Amino acid sequence: MDISCAFATSSETPAHVELAETLGYQRAWLYDSPAILPDVWMVLSRCAERTSRIGLGPGVLVPSLRHPMVNAAAIAELVAQAPERVTVAIGSGFTGRFALGKKPMPWRQVAEYVRCLRALLAGQTTEWDGATIRMLQLPGFGAERPIDVPILIGADGPKGLAVAAELGDGVFSAALPQPDAAKVSPWRALLAFGTVLDDGEELTSARVADAAGPGAVVMYHAMYERGGADAVDALPGGRAWREAIEAYPENERHLAIHEGHLMKANPRDEPHVADLIPFASSTALTGTAAQIAQKIDHLASLGVTEIAYQPAGSDIPRELRAFASAVGLAS
């Protein structure tokens, strides 16, 4: 099992990735959600300058945010800065699109985008939006083509897994492992949230609410966006949370939902964090060091080959160190 980390991309992320490298994490994934986070490529470049071993990549890119040539050029420069360390994940969009008031992209369009991006990185002439395109960068303006980087597909359902089977080098899932992913690829990365409890610490402590709350309340965000009122009402505190959200005009609700997403519980989330954390902890990587080690072993038995642990809260270095210790990383 590879133990990697993931970050809600921030100006502090390069320092956190540098620490993760010293702690022995395999890879650092950075989120691509420009409505709430800084540009992922700018921060990845800064990470490359401060590290020498740890893998780097966006997880996950949302195709509608950039022309494929823009991402191809960014990949080429990151590969030049961090050779043999770059991996890319691409998906249909969750926060990166919902925070803009848009639903995820159709998987047919994602597949077309990945095909085009792969052709560009291979140095081929291809077509996009009715125009013939090819990477024209001269030596010194990015890595020389062909550029061979692994591309994982951010898939949590059958359509995404079908794209992963055709075009991906692996599957990048969130929170829950996808059983059918075992039929698609031997590389199965899982984005996970949670916090390592201190000795004698309870799930109700203020520190746990700070660190585990952002990951827990994403259940509200995801269930409401994807399943509607009935889905979110079934969660602890879900109905009260939904009523607070629906007090906003319909055309602004996505703004109220995604404020602070995976960084800090927002004012609509905060009243319900204490109720939701015990419920969410059953599937999150929250628990004592021994319990987290057991959860990792269970995920490995389900075929997960990489954990991408996202620390959250006001003390990211503490979360990185505690998780690394719990899973036995050798710094």
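Let's start with Tyr309 and Phe323: both of these residues are buried. Keep in mind as we go that this is a predicted model.

What kind of aromatic pair do Tyr309 and Phe323 form? They are stacked, with 3.9 Å from centre to centre and 10 degrees between the planes. Now look at where the two partners sit. Tyr309 belongs to strand E10, residues 306-310, while Phe323 belongs to helix H12, residues 316-326. The partners are 14 residues apart in sequence, so the pair ties those parts together.

How many aromatic pairs does the structure hold? There are six. Let me show you another of them, Tyr220 with Trp241. Their ring centres are 5.1 Å apart and their planes meet at 20 degrees; planes under 30 degrees apart count as stacked, so this pair is stacked. Here too, distant parts of the chain are linked: Tyr220 is in helix H7 and Trp241 is in helix H8, residues 238-245, with their positions 21 residues apart in the numbering.

Are these two rings buried or exposed? Tyr220 has 0% relative accessibility, so it counts as buried. Trp241 is buried as well, with a relative accessible area of 0%. And there is a third member here: ring pairs join Tyr220, Tyr224 and Trp241 into a cluster.

While we're talking about rings, please find Phe94. The charged end of Arg226 sits over its ring, 4.7 Å from the ring centre.

Tyr224, from that cluster, brings us to my last stop, because it is also one of the residues lining the second largest pocket. The space in that pocket comes to about 320 Å³. Alongside Tyr224, the lining includes Phe98, Lys102, Lys103, Glu225, Glu250, Arg253 and His254.

Which helix gives the largest share of this lining? That is H7, with four residues. Helix H7 spans 206-233, and helix H9, at 253-258, is the other helix named as supplying at least two lining residues. By class, the lining has five charged residues, four nonpolar and three polar.

Finally, where does the second largest pocket lie relative to the domains? Domain 1, residues 2-196 plus 287-327, and domain 2, residues 206-280, both contribute to the lining, so the pocket lies between them.

That's my tour, so over to you, and thanks for listening!

Methods:
Residues are numbered from 1 along each chain as its sequence is written. This is a predicted model: local features need pLDDT of at least 70, side-chain atom pairs count only at pLDDT 80 or more; totals for chains, interfaces and linings use all residues. Side-chain values use heavy atoms; hydrogens and water are left out. On a 1 Å grid over the protein atoms alone, a cavity is a set of points where a 1.4 Å probe fits but cannot get out, and a pocket is an open set with protein on both sides within 12 Å along at least five of seven lines; lining residues have an atom within 4 Å of a point. Grid points are joined across faces, edges and corners, and a volume is the space filled by probe spheres set on the points. Ala, Val, Leu, Ile, Met, Phe, Trp, Tyr, Cys and Pro count as nonpolar, Asp, Glu, Lys and Arg as charged, and the others, Gly among them, as polar. Domain bounds come from an automatic or database domain assignment. Rings of Phe, Tyr and Trp (its six-membered ring) pair if their centres lie within 6.5 Å; planes under 30 degrees apart count as stacked, over 60 as edge-to-face and the rest as tilted. Buried means under 20% relative accessible area, exposed over 50%, partly exposed in between (1.4 Å probe, protein chains only). A charge sits over a ring if NZ of Lys or CZ of Arg is within 6 Å of the ring centre and within 35 degrees of the ring normal.
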